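The following exercises concern one protein chain. Each task is followed by a solution that proceeds step by step.

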Amino acid sequence: MKKQLVVALMGGVLSACAPTATDDREAYRDCINQAAGVTQKVKACQPLLAVLHQKPQHRVFAQRESVRVLDYQRCLDAEKMGDGEVIHTRCQKLWQEIQQANH
């Protein structure tokens, strides 16, 4: 009887430690918020987005968000090449879309 109780208790403790789908989305949201638009930090969030791709309840969000992040990366690359204010404005708009999707 004690052994069964211990096994049941351990199972409950371990299941409480397992990440949930909400935790995955929250981890991505935190990563994006901490990135603050810095290219390398945004790139570091990609593995978290890949995890969301695997979750059926987050797949649509993850696909849409992947496009936004990729567009943002391209925008920043173009900005580095020196096409001025138009690209900078577009980059800022994309970053705002990413942040709004994650609030």
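A residue is called buried when its relative accessible area is under 20%, exposed when it is over 50%, and partly exposed in between (1.4 Å probe, protein chains only). The structure is a predicted model, in which local features need pLDDT of at least 70 and side-chain atom pairs count only at pLDDT 80 or more, while totals for chains, interfaces and linings use all residues. Residues are numbered from 1 along each chain as its sequence is written, and side-chain values use heavy atoms, with hydrogens and water left out.

**Exercise 1. The chain as a whole**

State how many helices and strands the chain has, and what share of its residues is buried.

Solution. Helices (H or I, at least four residues) and strands (E, at least two) are DSSP runs, numbered from the N terminus. By this rule the chain has six helices and zero strands. Their order along the sequence is α-α-α-α-α-α. Of the 103 residues in the chain, 30% are buried. For the next step, contact means heavy atoms within 4.5 Å. Among the contacts with a separation of 6 or more, 54% join residues 24 or more positions apart.

**Exercise 2. The disulfides**

Identify the cysteines that form disulfides, and determine where C31 and C45 lie.

Solution. A disulfide is a covalent bond between the sulfur atoms of two cysteines. Here the criterion is a pair of cysteine sulfur atoms within 2.5 Å, and it yields two disulfides.

Step 1. C31 is bonded to C45, with 2.0 Å between the sulfur atoms. The torsion about this S-S bond is -95°, and the link of C31 and C45 is left-handed. C31 belongs to helix α2 (residues 21-35), whereas C45 lies in the loop between α3 (39-44) and α4 (46-54), so the bond ties together parts that are 14 residues apart in sequence. C31 is buried at a relative accessible area of 16%, and C45 is buried at 1%.

Step 2. C75 and C91 form a disulfide as well, their sulfur atoms being 2.0 Å apart. The link of C75 and C91 is left-handed because the torsion about its S-S bond is about -115°. This pair links distant parts of the chain, since C75 is in helix α5 (residues 59-81) and C91 in helix α6 (residues 85-101), 16 residues apart. Both C75 and C91 are buried.

Step 3. With bonded cysteines counted along the chain, the pattern of the disulfides is 1-2, 3-4.

**Exercise 3. The packing of α5 and α6**

Determine how α5 and α6 are oriented to each other, and which residues make their contact.

Solution. Two packed helices are described by the angle between their axes and the distance between the axes. Axes are lines fitted to C-alpha atoms, for helices over the stretch in contact, and angles run from 0 to 180 degrees between N-to-C directions.

Step 1. For α5 and α6 the angle is about 155°, and the axes are 9 Å apart. Angles under 35 degrees count as roughly parallel, over 145 as roughly antiparallel, 65 to 115 as roughly perpendicular and the rest as oblique. The two helices α5 and α6 are therefore roughly antiparallel.

Step 2. The contact includes F61, R68, Y72 and C75 of α5, and R90, C91, E97, I98 and A101 of α6. Its residues divide into 12 nonpolar, one polar and six charged, where Ala, Val, Leu, Ile, Met, Phe, Trp, Tyr, Cys and Pro count as nonpolar, Asp, Glu, Lys and Arg as charged, and the others, Gly among them, as polar.

**Exercise 4. Two arginines**

Decide whether R68 is buried or exposed, and list what R68 and R90 touch beyond four places in sequence.

Solution. Step 1. R68 is located in helix α5. R68 is buried, at 18% relative accessibility. Residues up to four places away being left out, R68 touches E97, I98 and A101.

Step 2. R90 is part of helix α6 and is partly exposed, at 39% relative accessibility. With neighbours within four places in sequence set aside, R90 is in contact with C75 and E97. R90 and Y72 are 18 residues apart along the chain, and their C-alpha atoms are separated by 8.7 Å.
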